[in-house]
Amino acid sequence: MSLREFERPDWDTYFMDIAHVVATRGNCIRRQVAAVIVKNQRLISTGYNGTPRGVKNCFEGGCARCASNVSSGSDLGECICSHAEENAITQAAYHGIALQGATLYCTLSPCLICAKMIVNSGIEEVVYEDKYEFSGQTKALLAEAGVKCRQFRRGLDVAMLREDRPRDCGMSPLLDPKFKV
């Protein structure tokens, strides 16, 4: 192999690919989602969606809401599964790992509850691949708290995404026409 043929993934691709592997551990029957938390280019915590520690797995009937025919995004208060971001943050806390200044990579955009945990844990940046229930309120909260937020797009130059481009959740809520007060 010559030097010209040797390619390494950029950091965003590397960590998002790891997140996709972590997602395969998810035990929710509705979808498999993951989050990985990174600080100084080092992986410090992972999380996937599913039932809490010590509770029957979702795919084994542990979550009645997920086993029902309720539509996606509804009756979330009845779901006992934890989100991937929630699990990555609580896993770090369980092991005494500080998250201040870290970056969270997640396969889906965070919901409002996870966004509050992201802000309060000190995470400074969120990189997500696909959108899921990414409300104007969630975007506004992250922006107001100073959490950088951007969507990962495979195959694009990372520098192009970071500079001179509007961020999906970095705008003022007053400038976002979809945001309702």
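Here are some exercises on this predicted model, each with a worked solution.

**Exercise 1. Work out how the strands of the sheet are ordered, and which ones stand at the edges.**

Start with the sheet itself. There are 5 strands in an open sheet, and reading across you get S2-S1-S3-S4-S5, with mixed pairing.

Now look at the two ends of that order. Strand S2 (42-48) and S5 each have a single partner strand, so one side of each has no neighbour in the sheet. That puts S2 and S5 at the edges.

How are neighbouring strands turned against each other? On average the angle is 20°, with direction ignored.

Finally, zoom in on one pair. S4 and S5 run parallel and are joined by 4 bridges. For one example of a bridge, take Val126, whose partner in S5 is Cys149. As background, strands in a sheet pair through backbone hydrogen bonds, and the pairing can be parallel or antiparallel.

**Exercise 2. Find the salt bridge partner of Asp12, and say whether the two residues are buried or exposed.**

First, the overall tally: the model has 4 salt bridges.

Next, pick out Asp12. Its side chain meets that of Arg150 in a salt bridge, at 2.7 Å from N to O. This pair links distant parts of the chain, with Asp12 in helix H1 and Arg150 in strand S5 (residues 148-151), 138 residues apart.

Then check accessibility, using the cut-off of under 20% relative accessible area for buried. Asp12 has 1%, so Asp12 is buried. Arg150 has 4%, so Arg150 counts as buried too.

**Exercise 3. Arg154 forms salt bridges with which residues, and what parts of the chain do these pairs tie together?**

Take Asp17 to begin with. The closest N and O atoms of Arg154 and Asp17 are 2.8 Å apart, and the two form a salt bridge. Arg154 sits in the loop between S5 and helix H6 (158-162), while Asp17 is in helix H1, so the pair ties together parts 137 residues apart in sequence.

Move on to Glu129. The side chains of Arg154 and Glu129 meet in a salt bridge at 3.1 Å, N to O. Glu129 belongs to strand S4 (residues 125-130) and Arg154 to the loop between S5 and H6, so this pair ties together parts that are 25 residues apart in sequence.

There's a network to spot as well: salt bridges that share partners join Asp12, Glu125 and Arg150.

To finish, compare accessibility. Arg154 is partly exposed at 41%, and Asp17 is partly exposed at 34%, whereas Glu129 is buried at 10%.

**Exercise 4. Describe the surroundings of Arg30: where is Arg30 found, and what does Arg30 touch?**

Begin with the position. Arg30 is in the loop between helix H1 (11-23) and strand S1 (34-39). With a relative accessible area of 28%, Arg30 is partly exposed.

Now list the contacts, leaving out residues up to four places away in sequence: Arg65, Cys66, Ser68, Asn69, Val70, Ser71 and Ser72.

Two of these partners also offer a backbone oxygen to look at. The Arg30 side chain reaches the backbone oxygen of Ser68 at 2.8 Å, and a polar atom of that side chain is 3.5 Å from the backbone oxygen of Arg65.

One last distance: Arg30 and Phe59 are 29 residues apart in sequence, and their C-alpha atoms are 8.9 Å apart in space.

**Exercise 5. Explain why Cys111 is not bonded to Cys114.**

The cut-off comes first: the two cysteine sulfur atoms of a disulfide must be within 2.5 Å. For Cys111, the closest cysteine sulfur is in Cys114, 3.8 Å away, so the two are too far apart for a bond.

Count across the model and you get 0 disulfides. Cys79, for instance, is in no disulfide, and its nearest cysteine sulfur, that of Cys66, is 3.8 Å away.

As for its setting, Cys111 is buried, with a relative accessible area of 13%.

**Exercise 6. Locate Ser121 and decide whether this residue is buried or exposed.**

Go to helix H4 (residues 112-121), where Ser121 is found. Its relative accessible area is 19%, so Ser121 is buried.

Which residues does Ser121 touch? Setting aside residues up to four places away in sequence, the contacts are Ile89, Leu99 and Gln100.

Notes. Residues are numbered from 1 along each chain as its sequence is written. This is a predicted model: local features need pLDDT of at least 70, side-chain atom pairs count only at pLDDT 80 or more; totals for chains, interfaces and linings use all residues. Side-chain values use heavy atoms; hydrogens and water are left out. Buried means under 20% relative accessible area, exposed over 50%, partly exposed in between (1.4 Å probe, protein chains only). Helices (H or I, at least four residues) and strands (E, at least two) are DSSP runs, numbered from the N terminus. Contact means heavy atoms within 4.5 Å. A polar contact is a pair of N or O atoms within 3.5 Å; within protein, one must be able to donate a hydrogen and the other to accept it, and residues adjacent in sequence count only if both atoms are side-chain atoms. Two strands pair if DSSP finds at least two bridges between them. Axes are lines fitted to C-alpha atoms, for helices over the stretch in contact, and angles run from 0 to 180 degrees between N-to-C directions.
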